[in-house]
Amino acid sequence: MKRYEPQILEPRWQKQWEQTAAHQTEETTEKPKFYALEMFPYPSGEGLHMGHVRNYSIGDVVARFKRMNGYRVIHPMGADAFGLPAENAAIHRGVNPREWTESNMERIREEQARLGISYDWDRYVGTCLPDYYHFTQWLFLLFYERGLAYRKKAAVNWCPDCATVLANEQVEDGQCWRCGSEVEKKELEQWFLRITDYADALLEGLEQLPQWPEKVKAMQRNWIGRSQGAAITFTIPELNDEPVSVFTTRPDTLYGVTYLVLAPEHPLVSKLIQGKESEGAIQAFTEAMAKESELSRTGSDVEKVGHFTGAYAKHPLTGESIPIWVANYVLMDYGTGAVMGVPAHDERDFIFAHKYDLPIRQVIQSQEGEEDDGQGAFVDDGLLINSGPFDGMGNREAIQAIAAHLESQEKGGATVSYRLRDWLFSRQRYWGCPIPILYCDDCGVVPVPKEDLPVRLPEDVVFDGKSNPLTTSDSFATTTCPSCGGSARRETDTMDTFIDSSWYFLRYVDPHNQTVPFAKEKADRWMPVDFYIGGVEHAVLHLLYSRFVTKVLHDADMLEAEEPFRHYFPQGMVLKDGSKMSKSKGNVVSPREIIDRYGADTARLFILFAAPPDRELEWSDSGVEGSYRFLTRVWRMVQNHNSLFENQPLPQQSDAAAKELNRLVHQTVKKATVDMDERYQFNTAISGIMELVNGIYAYPEEADRGTLAQAIETVIVLLAPFAPHISAELWQDIGKSDSVHDQPWPAYDEAALVLDEVEIAVQINGKVRHKATVPTGADREAIEAQVMAEEKVRQLVDGKTVRKVIVIPGKLVNIVAK
Ligand code: ANZ
Ligand code: ZN
């Protein structure tokens with residue numbers, strides 16, 4: 001018998017698929033489309049890990065299943081190839097980041113090919129290749145033209161010794177990861193993308209995504225953080241009635257304000273403290289706050305620290321004098337950077353007022369009119385008190401009423417705030433996409449004309465780990481201004497690498513386009529992505545940025561779709577011994593070893609069988625063994641019956657065993673179809689196939705050969721999406737000249753699922769008293785259970801004790817009862 005040797009047959013099939021372009025995308029339009037996408041990998045030096053293998057195995061089953069079901073499928077792959085690790089390799093090991101990245105890309109591609117994933121390699125996209133980043137720059141210019149890219153001073157992490165900007169991950173306990181010096185915040189000109197313009201669209205779009213997990217949508221909603229409230233204008237008499245606006249969600253508490261708090265960075269602070277006693281202390285406080293993160297200032301267990309400025313504001317409705325403070329917990333970049341303190345009704349303000357001995361004034365009372373116990377803030381709904389004309393009003397109603405009243409007096413009005421910030425987009429890094437902007441002494445900021453793209457990354461750069469390498473290239477930094485011909489300086493910042501992955505799925509639809517990022521017609525042919533699978537760690541940033549970019553491109557008339565991913569499916573983690581498989585835990589199982597030992601089909605089958613795709617998957621060596629044994633069993637089953645296919649017997653369910661096997665075939669097909677289609681329950685689909693294989697092994701020698709042949713064919717076809725190599729080989733071994741992967745997914749016949757039935761006699765103490773109808777082939781237990789439950793039988797034995805039930809399957813049941 002021919003032996004199962006995956007190490008030999010798998011590479012052979014992979015080569016054949018490559019040579020025949022077997023997975024080339026069908027661009028026809030008669031068939032419905034399906035866009036199957038897996039998150040593309042970062043080409044690190046480590047190669048693929050099991051998380052990748054799981055990701056691709058799931059995506060591939062979906063792609064293959066849809067192809068067999070008559071869809072034209074696009075299933076592309078690429079590499080997210082810009083990023084810091086390449087630059088670090090250059091700094092620490094002196095390697096060229098481009099060569100380092102390209103060799104990793106090559107290695108990962110080889111490993112992906114070894115898995116037998118059905119990618120259309122002709123559409124391969126690498127974000128660090130000039131071919132691709134040409135159009136990342138093109139898109140940046142589009143954002144710039146549409147007023148969605150702008151420059152603004154922003155605080156960045158700055159290491160004074162290395163004279164460089166640090167990413168947040170490079171700041172460890174407030175110190176530079178490289179030299180250990182204290183990291184400062186420094187205000188530098190940075191590029192931003194105006195994602196806040198799309199805050200509402202990004203929220204509303206979530207309503208159109210019923211197939212996204214609720215949890216992921218909630219995370220995005222949270223991140224956007226839309227908050228409905230009011231802006232209220234206080235004035236500062238000593239500064240000529242200069243207005244100061246606060247943002248509050250609780251205008252109903254306006255009469256309870258006993259102080260205002262400004263963020264230390266608020267522009268009014270320096271004016272307010274000028275020449276006052278507080279000046280020195282508040283300046284020092286402001287400097288100290290500038291170095292702290294948002295979390296270290298506002299965390300719920302962080303002590304609230306404030307300083308009185310010595311200045312007062314005037315209450316917009318009562319005219320009262322309100323002391324103005326600065327405090328750590330008020331942030332400049334939320335709302336207006338100023339808040340009104342209402343200690344009676346806000347927990348945080350209550351703590352602050354207690355600490356600094358500020359007055360507390362209750363303005364909302366519970367419906368029952370209980371006295372406030374003074375133990376904390378009263379944050380529930382109730383009726384207004386101490387609130388002038390609004391006394392007695394319910395506070396919900398008062399939120400609207402007070403906002404409207406302020407509006408009529410031009411002292412404020414309803415407004416919305418978002419947690420979402422504009423996307424800080426520039427990086428002082430080398431291995432990223434250059435920002436296509438020039439600075440000319442005469443013309444100012446000049447975008448590079450589209451016909452001059454791409455702005456290529458220079459290679460004559462120095463990696464000293466200090467300055468941005470791009471600033472060390474002579475060929476790059478100076479150039480001529482396209483509008484006046486004078487000399488100009490190039491922008492040396494590169495783009496945040498998140499932009500690269502925010503549009504790659506659009507490049508896949510038209511990867512060789514040399515003039516535009518993609519043709520609209522092609523985008524409309526394929527978008528949106530129908531099934532996007534990847535780790536839930538991307539639930540916010542990557543998925544939100546991709547949605548943002550898609551919406552901008554939609555508004556620019558570049559595609560019809562308004563959302564990039566119809567169905568986002570977060571895959572579960574791969575665990576080993578109960579914890580995440582990771583290098584630091586030392587519990588990594590290498591995909592290479594598994595493939596070397598058992599073949600890719602076993603690895604894929606194990607991963608898909610061991611758990612539903614959205615659940616955690618516990619790695620198990622015995623489970624892998626089990627999958628291998630199953631494939632070997634399928635192999636033997638087919639080889640043993642090889643001769644069966646020589647004369648192609650027609651199935652005829654002439655005997656009971658054939659009928660039963662035929663029923664099992666249809667049942668298995670139905671189960672696999674229902675489990676796989678949009679339910680993605682691959683594990684149960686596979687266990688169904690395993691049962692069918694058991695049924696075939698148990699099939700009697702003398703039963704109909706045609707039915708047996710058909711059952712075996714069905715197993716091979718059903719296995720094709722899971723274990724594509726072995727099924728291709730076995731299909732060939734039973735004499736088929738076409739490819740198993742071109743077979744239609746088998747249909748099932750509901751009529752064939754119905755069990756045949758027989759009539760049997762039911763005796764009580766040896767006398768026939770009843771006839772029961774039971775399924776053919778039902779076993780003793782099933783027959784006894786059914787018969788004893790029948791109404792007629794229950795009546796017959798009523799009041800008697802059943803001593804014994806004798807079942808002769810297919811013939812009779814005798815109940816012995818006294
Ligand atoms: C007065 C007040 C009374 C408030 C009350 C709450 C309860 P969300 O829901 O997160 O939007 N706030 C506004 N701007 C702030 C800033 N820049 N830094 C820190 N806190 C700020 O929260 C809005 C509430 O957070 C606002 O409503 C304000 O406090 C505070 F009984 O105003 B509130
Ligand atoms: Zn110029």
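Two strands count as paired when DSSP finds at least two bridges between them. The views below all come from a predicted model.

**Figure 1. Strands β29, β28 and β30 form an open sheet.**
The three strands lie in the order β29-β28-β30, and their pairing is mixed. The edges are β29 (579–580) and β30 (617–618), each of which pairs on one side only. Strand β28 covers residues 574–576 and is joined to β29 by two bridges. These two strands run antiparallel. Look for Lys-576: the residue opposite, in β29, is Ser-579.

**Figure 2. Strands β10 and β11 make a hairpin.**
Strand β10 spans residues 226–236. Seven bridges tie β10 to β11, and the two run antiparallel. Find Phe-234 and look across to β11: Val-244 stands opposite. Five residues lie between the strands of this hairpin. Which residue of the hairpin takes a positive phi near 60°? The residue is Asn-240.

**Figure 3. Strand β26 pairs with both β1 and β27.**
Strand β1 (residues 33–38) runs parallel to β26, with three bridges joining them. Ala-36 has Phe-531 of β26 as its bridge partner. Strand β27 (residues 568–570) also pairs with β26 in the parallel sense, over three bridges. Here Ile-533 is matched with Phe-569 in β27. Now follow the residues along β26 (residues 531–534). Phe-531 and Ile-533 point one way, while Tyr-532 and Gly-534 point the other way. Are these four residues buried or exposed? All are buried.

**Figure 4. Ile-364 sits in strand β16.**
The strand covers residues 364–365. Why does Ile-364 count as buried? A residue is buried if 20 or more other C-beta atoms lie within 10 Å of its own. Ile-364 has 26 such atoms within 10 Å, so Ile-364 is buried. Beyond its neighbours within four places in sequence, Ile-364 is in contact with several residues, including Thr-253, His-345, Phe-378 and Asn-395. Gly-382, Leu-383 and Leu-384 are also among these contacts. Asp-391 is 27 residues away from Ile-364 in sequence. In space, the two lie 9.1 Å apart, C-alpha to C-alpha.

**Figure 5. Eighteen residues surround ligand 1.**
Which residues come nearest to the ligand? They are Ser-227, Thr-248, Arg-250, Gly-335 and His-345. Two elements, β11 (242–248) and β15 (338–341), each give two or more residues to the shell. By class, the shell holds eight nonpolar, eight polar and two charged residues.

**Figure 6. The largest nonpolar core has 147 residues.**
Nonpolar side chains tend to be buried together in soluble globular proteins. In this core, Leu-631, Val-715 and Leu-719 have the most contacts inside it. Helix α2 (residues 50–68) gives the most to this core, with nine residues. Zoom in on Leu-631. Leaving aside neighbours within four places in sequence, its contacts are Tyr-4, Asp-601, Thr-602, Leu-605, Ala-723 and Ile-726. A second core is separate and has 49 residues, among them Ile-232, Ala-313, Ile-322 and Val-326.

**Figure 7. Domain 3 touches domain 4.**
The protein is divided into domain 1 (151–193), domain 2 (226–418), domain 3 (580–752) and domain 4 (755–817). The C-alpha centres of domain 3 and domain 4 are 38 Å apart. How many residues of domain 3 are in contact with domain 4? Four of them meet four residues of domain 4. On the domain 3 side, one of these residues is nonpolar, none is polar and three are charged.

Conventions. Residues are numbered from 1 along each chain as its sequence is written. Chains are lettered from A and ligands numbered from 1 in the order in which they are written. This is a predicted model: local features need pLDDT of at least 70, side-chain atom pairs count only at pLDDT 80 or more; totals for chains, interfaces and linings use all residues. A residue is buried if 20 or more other C-beta atoms lie within 10 Å of its own, exposed if 12 or fewer, and partly exposed in between; C-beta atoms are placed from the backbone. Two residues are in contact if their C-beta atoms, placed from the backbone, lie within 7 Å. A residue is near a molecule or strand if its C-beta atom, placed from the backbone, lies within 6 Å of it. Ala, Val, Leu, Ile, Met, Phe, Trp, Tyr, Cys and Pro count as nonpolar, Asp, Glu, Lys and Arg as charged, and the others, Gly among them, as polar. Domain bounds come from an automatic or database domain assignment. A nonpolar core is a set of buried Ala, Val, Leu, Ile, Met, Phe, Trp, Tyr and Cys residues joined through C-beta atoms within 7 Å.
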